[in-house]
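Student: I have a new structure to read. Can we go through the reasons behind its labels?
Tutor: Gladly. Here it is.

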Amino acid sequence: MTCPRRDAAGVATRVPISRTAGLPGLTGEAAAARLAREGPNLIPAHRTRPAMLTLAEQYVHFFALLLWVAGLLAIVAGMPQLGAAIFVVILVNGTFAFLQEHRAERAAGKLRNLVPRRTRVLRDGEWRDTEAADLVTGDVVHLEAGDRVPADLRLAEPLGLLVDVSTMTGESVPEQPGPGARVFAGTFIVAGETTAEVTDTGPGTRLAGLVELTATARRRKTPLAAELDRLVRQIALIALGVGGAFFGLALLVGTEPSEGFLLAIGVTVALVPEGLLPTVTLSLAFGAQRMAGRKALVRHLESVETLGATTFICTDKTGTLTANEMQVVQAWTPQGAAIVRGDGYAPVATVECKPGAAAAMRELAFVAAVASEGRSVERDGRWRAEGDPMEAALFSFSLRLAAGDIEAARDTVVETFPFEAHARRMSVLLPGWLALKGAPEDVLHLCRDQELATRAGSAVESMAAAGLRVLAVARRGAPPASATREALERDLDLLGLVGLQDPPRPHVPASIAACRAAGIRLAMVTGDHPLTATAVARQIGLWTGASVCLTGAQLSDDLAELGQQVDRDGVVLARVAPEQKLMVARALKARGHILAMTGDGVNDGPALEEADVGVAMGAGGTDVAREAADLVLLDDDFATIVAAVEEGRATFENIRRFLTYHLTDNVAELTPFAIWALSAGEFPLALGVLQILCLDIGTDLLPALALGAEDADESGAPPVSGRHIVDGGVLRRAFGVLGPAEAAVEMLAFVATCWFAGWRPGEGFPGGETLLAASGAAFAAVVLGQMANAFACRSAGLPAWRSGWRGNRFLLWAVGVELLLLVFFLYVPPVADVLDHAPPTAAGAAVAVLAIPAVVVADGAYKRAQIVRATDTRPGARSPRPS
């Protein structure tokens with residue numbers, strides 16, 4: 001019997017295989033019949049929504065529909081320029097949002113690519129190289145190092161087999177499955193070889209189940225989307241209500257119905273915040289850019305703000321809380337113990353041990369490395385593991401101690417006895433001696449000196465309690481010739497123990513403390529052993545007095561009960577399956593949490609899709625996890641998540657800043673219409689609809705965007721749970737302080753222009769150039785007031801003169817451009833004619849300039865009053881919420 005392999009040069013060859021573990025395989029005829037019945041071994045493609053349908057949805061959500069109606073009404077009212085501008089806003093924003101979609105579909109496509117194209121199968125009593133898609137249940141396959149598992153299999157005869165199961169568990173340490181164990185499609189053979197029987201193919205594989213979970217998991221609306229929906233619906237109702245009221249008032253004062261209808265349309269369009277969508281979108285883009293500078297790549301813009309609202313973070317262990325690099329951190333010999341402090345697999349480290357133990361420590365490291373096949377190599381300026389990460393750590397340990405020429409010793413190996421399920425140890429026979437390493441319980445009883453083995457057993461317990469993975473190392477001199485493995489691996493001389501660990505990242509403890517200070521709960525969710533997970537949790541400060549460690553077997557299948565189990569700070573969930581991770585995400589969301597979930601393996605895709613914010617690893621994660629996530633950590637560091645949360649909270653505050661800015665403007669825009677209505681049409685309109693459009697998406701847009709580039713709030717306090725973007729504080733400040741101050745100067749500039757032109761109360765208002773100049777003065781007052789308002793909105797607690805004028809360079813540029821636009825709109829005759837105003841007179845301009853100090857002083861007085869109220873200790877005094 002032969003099995004096709006590839007030699008060192010990559011050329012296909014056929015080498016004998018001594019046995020097939022008693023598995024007969026299938027005949028070609030039987031395999032063809034099963035293939036016809038079961039279908040090909042392919043991961044089914046999940047039905048995706050047509051791209052055009054997704055694109056169309058971006059143009060018909062509620063806010064977009066509101067803008068479409070506003071644009072159409074503007075055209076009906078004889079303002080085609082306004083309608084066209086609104087349509088452009090809708091199209092640009094819709095297209096931008098469309099480009100952010102399809103993450104789940106792309107992730108499912110990556111999953112399907114994990115199944116190899118060809119494999120080796122036993123057919124008609126011979127090994128054949130065939131298409132993996134043609135595999136059926138009952139087929140017998142042969143796999144070796146470098147192969148990807150083509151279907152779900154049951155192992156028959158693993159020889160030194162190591163399987164990288166990170167696609168299923170997210171854990172970096174390869175497993176060592178024994179006979180009868182199952183391995184799953186998409187996993188990877190790191191070392192050894194095996195014969196196995198196919199148990200499931202295509203849609204029946206566990207990988208296919210992950211495809212389905214990833215593709216069907218759907219997030220609820222982000223907090224920002226829900227807030228914007230609420231705000232837009234309120235604005236729509238107010239705009240329609242006010243427009244209808246103005247139409248009724250116009251009829252009451254004797255205005256022709258057609259003119260009254262056009263006036264109502266103008267008011268309605270004026271109240272619709274056409275600049276809100278681009279301002280929000282670009283503010284989120286600012287936040288995403290800042291996050292990228294802190295090693296966090298945003299894939300979905302709304303997740304920028306959602307991160308700021310996060311109340312619970314579920315993080316995996318390996319590669320996020322830890323460095324994802326196995327290291328020898330402790331060693332023990334009969335002569336003494338050692339503490340090792342190094343950086344990954346680099347050969348430089350600090351080893352602290354007694355002087356008398358140095359020679360024994362070098363021998364321990366040398367024999368451990370010789371009894372291994374993995375190594376550490378330098379690539380691209382960084383030391384990396386090649387082969388089994390644990391063996392690479394032993395190789396690095398030997399290099400650090402300059403223990404000897406490992407590669408030369410390995411070249412003399414006569415025979416290798418690999419790890420097996422029943423003998424969890426590996427040994428290599430060299431000329432004149434045997435090197436061995438393995439699990440202490442499978443090595444210590446083989447040693448000659450059992451008193452020494454007992455001492456070593458106490459050291460093993462101490463290391464294991466610290467969460468270390470412990471290996472015993474031994475040797476035998478002058479082993480008998482032509483002996484069996486069992487005869488060779490006895491009468492050993494125990495050299496010592498090595499304790500390995502994937503060490504915690506250095507900045508994680510401080511980041512965990514920062515999360516708790518910000519009111520965020522934390523949980524570790526891992527596929528690793530409970531003892532290891534708990535030890536790491538204690539080292540990094542995740543473990544608290546109320547913490548518990550639960551295994552996957554202990555987690556409830558009931559969503560409500562599961563939520564009660566896991567909704568606590570510092571909980572550790574170990575041996576968790578991918579389906580359970582998804583259930584944990586659903587349970588925490590059901591309890592009202594805004595959830596951020598980290599992951600790096602294929603198995604994490606469904607949970608990342610389900611979470612409010614999916615966070616994937618950029619350096620060590622899989623493509624599937626990255627495609628399913630909203631945020632990718634470029635350095636795989638938990639500290640980066642905390643930095644991203646800080647930026648998310650800064651973005652939340654920035655959105656409140658520019659909404660305060662926009663709402664202030666709306667007061668000034670609506671005031672002329674209110675005065676016109678209250679005067680029964682006797683007082684002319686100080687501003688027209690096209691002037692309002694220039695304010696909304698002309699002069700106001702750049703300062704609003706610049707406010708979206710502000711740094712984090714100076715208080716550093718976490719946001720109040722459930723806080724709305726637009727709340728009482730924002731409304732009081734915009735409608736009760738800043739807006740009235742701006743509107744008062746606006747109307748004063750209008751009246752002053754008419755006064756100095758000879759108008760007196762009780763007389764009819766002048767028309768012609770005087771009225772145009774008065775409207776220009778009112779327009780200038782609003783723009784100048786908004787320039788001051790931009791600086792006032794930089795801080796919720798500090799007046800403009802204390803928050804600094806140069807802290808935001810984008811705002812300085814934006815205000816400069818706003819001033820140039822004001823000159824352009826007023827002094828370029830064709831533009832001024834379209835807007836139906838003229839340059840203000842000297843008197844009108846002088847009054848308009850007063851809008852700057854008026855807004856700044858009103859804002860400062862309001863903030864001072866807020867501080868006084870906050871420090872009032874009298875009974876019944878109530879501290880206001882920050883605005």
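Student: Why does D859 count as buried or exposed?
Tutor: First, a reminder that this is a predicted model. Buried means under 20% relative accessible area. D859 has 0% relative accessibility, so D859 counts as buried.

Student: What makes D859 and K863 a salt bridge?
Tutor: The cut-off is a side-chain nitrogen within 4 Å of a carboxyl oxygen. Here the N to O distance is 2.9 Å, so the pair qualifies. Both residues lie in helix α32 (residues 851–870). They are four residues apart, about one turn of the helix.

Student: How do you know whether K863 is buried or exposed?
Tutor: Its relative accessible area is 2%. That is under 20%, so K863 is buried.

Student: Which residues are joined into one network by salt bridges that share partners?
Tutor: R375, R379, E386 and E407. The structure holds 27 salt bridges.

Student: What makes R120 and D147 a pair that ties parts together?
Tutor: Their side chains meet in a salt bridge of 2.2 Å, N to O. R120 lies in strand β3 (residues 118–123), and D147 in the loop between β5 (140–144) and β6 (152–155), so the pair ties together parts 27 residues apart in sequence.

Student: Why are R120 and D147 called buried or exposed?
Tutor: R120 has a relative accessible area of 11%. D147 has 18% relative accessibility. The limit for buried is under 20%, so both residues are buried.

Student: Why is D200 called partly exposed?
Tutor: Partly exposed lies between the 20% and 50% limits. D200 has 26% relative accessibility, so D200 belongs there. R182 has 39%, so R182 is partly exposed too. Their side chains meet in a salt bridge of 3.1 Å, N to O. D200 is in strand β9 (residues 188–200) and R182 in strand β8 (residues 182–183).

Student: What makes V76 buried or exposed?
Tutor: Exposed means over 50%. V76 has 55% relative accessibility, so V76 counts as exposed. V76 lies in helix α3 (residues 62–76). Together with F261 and L262, V76 makes a nonpolar surface patch of about 260 Å².

Student: What stands out about the phi of D491?
Tutor: Phi is positive, about 55 degrees, although D491 is not a glycine. Most residues other than glycine have a negative phi. D491 sits in the loop between α17 (485–488) and β21. Its relative accessible area is 41%, so D491 is partly exposed.

Student: What do β15 and β16 form?
Tutor: A hairpin, with two residues between them. Five bridges join β15 (residues 375–379) to β16 (residues 382–386), and the strands run antiparallel. Strands pair if there are at least two bridges between them, so β15 and β16 count as paired. R375 stands opposite E386 in β16.

Student: How do you know which strands are the edges of the sheet β14-β13-β12-β21-β20-β19-β18-β17?
Tutor: The edge strands each pair on one side only. They are β14 (349–353) and β17 (415–417). This open sheet has eight strands with antiparallel pairing. Seven bridges join β20 (residues 469–477) to β21 (residues 493–501).

Student: Which pairing do β23 and β24 show, parallel or antiparallel?
Tutor: Parallel, over three bridges. L550 stands opposite L573 in β24.

Key: Residues are numbered from 1 along each chain as its sequence is written. This is a predicted model: local features need pLDDT of at least 70, side-chain atom pairs count only at pLDDT 80 or more; totals for chains, interfaces and linings use all residues. Side-chain values use heavy atoms; hydrogens and water are left out. Patches are made of residues with over 30% relative accessible area and no salt bridge: like charges are joined within 9 Å, nonpolar side chains (Val, Leu, Ile, Met, Phe, Trp, Tyr) within 5 Å. Accessible areas come from the Shrake-Rupley method with a 1.4 Å probe; for residues, only the protein chains shown count as cover. Buried means under 20% relative accessible area, exposed over 50%, partly exposed in between (1.4 Å probe, protein chains only).
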